[in-house]
Amino acid sequence: MSSPANSTPSGSLTPSLLADPSKAHLLAPGQLHHSGSEQSLHRIKNVPGYTTPVFKGKEEQRAKVQANVTAKGFIPRELVANEVNWFYAHLGIDDTYFQAESVDMISDHIIALFGAKVLAYTKHDPSKLVIDLEKLDENTGATFIHTSSPGRTAVEGPGATCESRIDELFLDKSTPQNAFRLETYRSQGSISSTASQQLRCYFVTKCNFPEKLPAETHADRTDIRAVSDPVFLEKASENTLEIYQRVMWNVETRYGPVIEVFEVEGSRERRLVIGYKMGGTKKFFSALSNLYHFYSLYSARKYVEQFSNGITIISLYLNPLPNSNAPPIEHSIFQVMKEASLLYCLPDNPFFYAGDGPNGGHAVQEATYAYCGWIFAQHFCNRLGPAYLALKNILDESNPSHAEVLNDIKRRFREETFTRESIAQVIHAHADLINLLYVNFAMVHYPSSDQASQLMPTLSYQRLQTQLPLSDQDLHDKIRKTVPNKHELQVLESFLIFNKHVLRTNFYQPTKVALSFRLAPEFLPEVEYPKKPFGMFFVIGGEFRGFHIRFRDVARGGIRIVMSRNRETYSINQRMLFDENYGLASTQSLKNKDIPEGGAKGTILPSLGASPRLCFEKYVDAVVDLLIPGRSPGIKEQIVDLYGKPEMLFFGPDEGTADMMDWAALHARERGAETWWKSFTTGKSAETLGGIPHDAFGMTSLSIRQYVLGIYKQLGLREKDITKVQTGGPDGDLGSNEILLSSDKTIAIIDGSGVLADPAGINREELVRLAKLRVPVAHFDRSKLSKDGYLVVVEEQDIKLPSGEIVLDGTDFRNTAHLRFKADLFVPCGGRPEAVNISNVAALVDSEGKPNFKYVVEGANLFLTQQARIYLEKRKVVLFKDSSTNKGGVTSSSLEVLAGLALSTQEYVDLMIFKDGKPSQFYENYVKDIQQKITENAAAEFQCIWREHAHAQGTKARTIISDELSSTLNSLQAELESSDLYDDATTRKNVMSRAIPKTLIGQVGLDTLLQRLPEPYQRALFSSWVASHFIYKYGVNGTAVDFFHFVRDLAL
């Protein structure tokens, strides 16, 4: 689509925007502070980064400790002085410990150390001397002291879990209101004169931040001293403060981690400093130890500092392990730096074998690749195969009972063929093949212009060169000959499929927050996915996984967060995530039939307990990595692009993301999408970002209403005589607007709060009151009910209805209430998908075969299954399905996108964003244009379906006609997009002048609009308008001659 390559990083904005403080949120961070050097110095003096304050009361304390240890009597009296003296003078524990601990605690630690020595002596092996001292309080902090071998990750003993516990108990839970800092160092001395082991000491303390708000310096940057813990300020050197200050400023202007390496003059020590937003990742501190140990490095000291502005900075003092065969630290430190960004994305990776070193096991890159392949295999190994296909061909899917059997079998196949555990076992069992598969992946996607490799090939590049890269065929043959069974073969083949279909990835971006892959969808089997998507994005983060599927180049759809109540639900959601995404995108493409954008959908599945907001932000940032070319060396660099064309996606709100669209649009702006940030998301805030809210203007309800009014008109009905049942109450968008727009006799409304029913007709004034307040039916004034009316809320039990029926449970009653009422009209405006399905649809027909409703206008998405719709239509119900009736919302969003693409940033700010809480005249006129287009499109489609049904003399269900209309429209639109009809200037201009709202043309001018709108978008707009107006006029069976006449008229 339009070229993100042409987007420029956010530069200077026009003075009017800068001058308006209410528009400050539109400024990309970092725009106002380009003075001064942004580049950190990467060589520092060989001086301590922290100073340890001298504990003046140390000698006095030592005397008290000696007396205390003697009094306890465990250590022989004549040895006490020597043990205490060794602990204080030779062990190498600094004064931080002695100042923080009590006499009793130090005494206990000395006795514990002595006891460990005695135990080791009885085993006649000094290496068995294990020290494990610990004091822990989750509210105030902790001290851990244990034996530790430098440069090795402990797999047993106290060191094996210490750092992961610190992550879990303190660092991962830290917030600006309740944060913990960490100091850890390796003691300089040995445990005793006979044992050479060193101690590792960890001190976790609660931060005590200043109460006053942070001061700002340099326009909008935080002064580090204003947000620091006083203990940190006391200990940190000026140089450390300067380094951390620069890192903090960079974190404030960037979404992902900031990673810097500093060379210490006159030594081989390197200091790795990593800054990120607090809570941005979990288990990261402990994962970093595994990483540098892999390259035979050890840390002399490590610090984790927290700041009250929500920033975390980790500092590691790394040294090479003596007498090691590992690559020199001068090379390996850059590898650690690169791989730290992968660890930030996936810190808890079961395929990273810590401690094996560079010559064995998986490095972080190979392990991360294994993890991504593991997730990919979970979704795409569980294919249904030839047995399912044979059964599908025998059964009749239009037969409801056959369809149900087929669905059950499909679900069973998906659950039982490949489990997460069985796929992981295969990956663990074939580490050598996974490494070869990684090389196959990396030889394609490893960027040749890598900055570090220009100076010297990176270790990952060297690792690639030591492996002989096999061709795809040779690699497949090797896998086939190596693995013992078809199950394992299929898992490893899925890695090869993954490799062959990745077109772009941010895997090798220097900084990122989640991993993203643009996949070619050709590997999807046609039997399961008959309609091939145009493009797929696959996103993997430490807390989530997600997909984005679109069916045309220019496509739009909502981003849905799929929440899981418990582990069982999460497991089901994991298995079904891609299929749900595919189904939603496919349905969206039916609904998007008369707008430029085809159907698309994104889904995000957070892990249990993960923050949905964090998952959404990481998902968006990772996708944007693949839409905007990297231009910042060391931060965002060029990636290998096998797709070769710029892409642009349009996101909308869906379940769980309605309040996140503003952030996504502004974030795209910050990332440099100057030309398309305004159109990147729909559903933005009206006042602050110029969004056009569907509910405030009744956009979706307007199209639903056209179908209701169409039925009345065609059948000569009076609305006030019609009885109606509605799901979705006065608190919802569709429910409230349906109440406000109608004047029928509503006898029942069912919403999340309960069931409101009155056979005499629910009091209209009271309903309107609730709809205007946007509150559920539970707030209905019961005094307004007739003697036969009732309100049952979900919390109630054992309620007696006026008929004498007893309702045992309000929730159960609510869940099936839509199946119990009879009326002329049923308008579902809310409720769960598939609330009416083949298992329960028979309840909507009485014992004499008469349906409960004469007319059904399906406002809520997927409220009825396809089989249920056809079942009702066979029984003479006049039914219009969701993809036709509720498309008003997508039309509104489409025209919101158009405004974002058509207006410059300054025009957008002036015309679309409210001033003093009020919209501009342009905004109000544009909204009216949108409402008119929605009404025209809905009425035209209604007439077309009604006409086609009459033409078929009722032999074809309206549901089928609606689907045929959508697919015919989409097919014609696709043909027109690739035809030369668009190239005829006169026709093109005539169509565009009708397709673009007149308010927009009047403001900008048609010629300017045609220069600004990206060509793929113009083609889509042209073809969608031509296709929809032709089909609505001539029907699905319009002939070539009809089309000729239609096009000829356009050229006039």
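1. Two strands count as paired if DSSP finds at least two bridges between them. That rule applies to strand 25 (residues 823-828) and strand 26 (residues 853-857), which pair in the parallel sense over three bridges. Which residue is the bridge partner of Leu 825 in strand 26? The partner is Tyr 855. The model is predicted, and the points below should be read with that in mind.

2. The sheet around this pair. Strands 25 and 26 belong to an open sheet of seven strands, in the order 22-21-20-19-25-26-27. Pairing in the sheet is mixed. Strand 22 (790-793) and strand 27 (878-880) are the edges, each with a partner on one side only. On average, neighbouring strands here are turned by 15° against each other, direction ignored.

3. Helix 30, and a link back to the sheet. Helix 30 covers residues 866-874, and its buried residues are Ala 868, Arg 869, Tyr 871, Leu 872 and Glu 873. These buried residues pack against strand 27, helix 31 (882-885) and helix 35 (958-977). Strand 27 is an edge strand of the sheet in point 2. Just after helix 30, Lys 876 has a positive phi of about 70°.

4. The chain overall. The protein chain holds 40 helices and 27 strands. Of its 1052 residues, 57% are buried. Take the contacts between residues at least 6 apart in sequence: 70% of them join residues at least 24 apart. The exposed area is about 42800 Å², with carbon and sulfur atoms supplying 52% of it.

5. Salt bridges: a buried pair. The count of salt bridges comes to 63. One of them joins Glu 83 and Lys 117, whose closest N and O atoms are 2.9 Å apart. Glu 83 sits in helix 3 (residues 77-90) and Lys 117 in helix 5 (residues 103-122), so the pair links distant parts of the chain, 34 residues apart. Are these two residues buried or exposed? Glu 83 has a relative accessible area of 11%, and it is buried because that value is under 20%. Lys 117 is buried as well, at 17% relative accessibility.

6. Salt bridges: a partly exposed pair. Lys 283 and Asp 348 meet through their side chains at 3.0 Å, N to O. Both residues lie in loops: Lys 283 between strand 9 (270-277) and helix 9 (284-294), Asp 348 between helix 10 (329-345) and helix 11 (364-380). The bridge therefore ties together parts that are 65 residues apart in sequence. Lys 283 is partly exposed, with 39% relative accessibility. Asp 348 is also partly exposed, at 49%.

7. Salt bridges: a mixed pair. The side chains of Arg 504 and Asp 641 form a salt bridge of 2.9 Å, N to O. Arg 504 is in strand 12 (residues 502-505), while Asp 641 is in the loop between helix 21 (612-625) and strand 18 (650-653). The two residues are 137 apart in the chain. How buried is each partner? Arg 504 counts as buried, with 5% relative accessibility. Asp 641 is partly exposed, with a relative accessible area of 34%.

8. The network around point 7. Arg 504 and Asp 641 do not stand alone: a network of salt bridges links them with Arg 518, Arg 550, Asp 553 and Glu 647.

Technical notes. Residues are numbered from 1 along each chain as its sequence is written. This is a predicted model: local features need pLDDT of at least 70, side-chain atom pairs count only at pLDDT 80 or more; totals for chains, interfaces and linings use all residues. Side-chain values use heavy atoms; hydrogens and water are left out. A salt bridge is a side-chain nitrogen of Lys or Arg within 4 Å of a carboxyl oxygen of Asp or Glu. Helices (H or I, at least four residues) and strands (E, at least two) are DSSP runs, numbered from the N terminus. Buried means under 20% relative accessible area, exposed over 50%, partly exposed in between (1.4 Å probe, protein chains only). Axes are lines fitted to C-alpha atoms, for helices over the stretch in contact, and angles run from 0 to 180 degrees between N-to-C directions. Contact means heavy atoms within 4.5 Å. Accessible areas come from the Shrake-Rupley method with a 1.4 Å probe; for residues, only the protein chains shown count as cover.
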